[in-house]
Amino acid sequence: AAAAAAAPSSCLPPGWIEVPLEDGSGRAYYADQETQVSTWERPLPYEHRGWTRAVCPKGKAFWRCDQADGLWFREDDEDWERVSDGLGRIYWTCPKRGVRFFEKPPS
């Protein structure tokens with residue numbers, strides 16, 4: 001519940017979760033569910049960077065981000081995957097490029 005109520009500036013990046021230790025210490029580690037990497041250091045807060053969804057005249061949906069050097073992709077691009085995290089938030093990921101973003105900016 002605490003993660004869902006977190007302010008946008010403290011939101012973990014897509015695919016990351018906070019895992020409390022079961023020893024009663026109140027400490028936690030952070031795990032990237034996509035790469036299977038874990039760390040004691042909290043990842044940098046997520047920045048949405050202005051990703052927007054649009055539909056071309058042929059009816060194909062695509063995403064673009066002017067703040068990422070004009071990066072864009074079509075939703076049917078095999079390099080990109082639409083994923084739901086443990087909190088039910090939807091995000092897009094492209095492991096080849098190391099890019100991930102939430103469909104909707106966390107609120």
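Contact here means that heavy atoms lie within 4.5 Å. With that cut-off in hand, Thr 39 can be placed in this predicted model: leaving aside neighbours within four places in sequence, Thr 39 is in contact with Trp 16, Tyr 29 and Tyr 30.

**Overall make-up**

The protein chain contains 0 helices and 9 strands, and its elements, read along the sequence, follow the pattern β-β-β-β-β-β-β-β-β. Of the 107 residues in the chain, 32% are buried. The chain exposes about 7,400 Å², and carbon and sulfur atoms supply 50% of that area. Among the contacts between residues at least 6 apart in sequence, 31% join residues at least 24 apart.

**Thr 39 and Tyr 29**

Thr 39 belongs to strand β3, which covers residues 37-39, while Tyr 29 belongs to strand β2, which covers residues 28-32. These two residues are 10 apart in sequence, and their C-alpha atoms are 5.8 Å apart in space. Tyr 29 has a second such partner in Val 19, also 10 residues away along the chain, with the C-alpha atoms separated by 5.3 Å. Beyond its neighbours within four places in sequence, Tyr 29 is in contact with Ile 17, Glu 18, Val 19 and Leu 21, as well as with Ser 38, Thr 39 and Trp 40. The side chain of Thr 39 also offers a polar atom that lies 3.1 Å from the backbone nitrogen of Glu 41.

How accessible are Tyr 29 and Thr 39? Tyr 29 has a relative accessible area of 29% and Thr 39 has one of 26%; because partly exposed covers the range between under 20% for buried and over 50% for exposed, Tyr 29 counts as partly exposed, and Thr 39 does too. The table sets these values beside those of two cysteines.

| Residue | Relative accessible area | Class |
|---|---|---|
| Cys 11 | 5% | buried |
| Cys 56 | 23% | partly exposed |
| Thr 39 | 26% | partly exposed |
| Tyr 29 | 29% | partly exposed |

**Cysteines**

A disulfide is a covalent bond between the sulfur atoms of two cysteines. A search of the whole structure finds 0 disulfides. Cys 11 is buried at 5% relative accessible area, whereas Cys 56 is partly exposed at 23%.

**The surroundings of Arg 100**

Arg 100 sits in strand β9, which spans residues 99-102. Which side chains make polar contacts with the side chain of Arg 100? One is that of Asp 32, at 2.8 Å, and another is that of Glu 34, at 3.5 Å. Apart from residues up to four places away in sequence, Arg 100 touches Pro 14, Gly 15 and Trp 16, then Asp 32, Glu 34, Thr 35 and Tyr 46, and further along the chain Tyr 91, Trp 92 and Thr 93. Trp 16 is thus among the residues touched by Arg 100, and Trp 16 is also in contact with Thr 39.

**The sheet of β4, β5 and β6**

Three strands form an open sheet in the order β4-β5-β6, with antiparallel pairing. Strands β4 (52-55) and β6 (71-74) each have a single partner strand and stand at the edges, so one side of each is left without a neighbour in the sheet. Neighbouring strands of this sheet are turned by 25° against each other on average, direction ignored. Strand β5, residues 61-65, is joined to β6 by 4 bridges, and the two run antiparallel. Across this pairing, Phe 62 stands opposite Arg 74 in β6.

Notes:
Residues numbered from 1 in each chain as written. Predicted model: local features only at pLDDT ≥ 70, side-chain atom pairs only at ≥ 80, totals over all residues. Heavy atoms only, no water. Disulfide = S-S within 2.5 Å. Buried < 20%, exposed > 50% of the residue type's maximum accessible area, 1.4 Å probe, protein only. Polar contact = N/O pair within 3.5 Å; in protein donor to acceptor, adjacent residues only side chain to side chain. Pairing = 2+ DSSP bridges. Axes fitted to C-alpha atoms, helices over the stretch in contact; angles between N-to-C directions. Areas by Shrake-Rupley, 256 points an atom, 1.4 Å probe, with all protein chains shown as cover.
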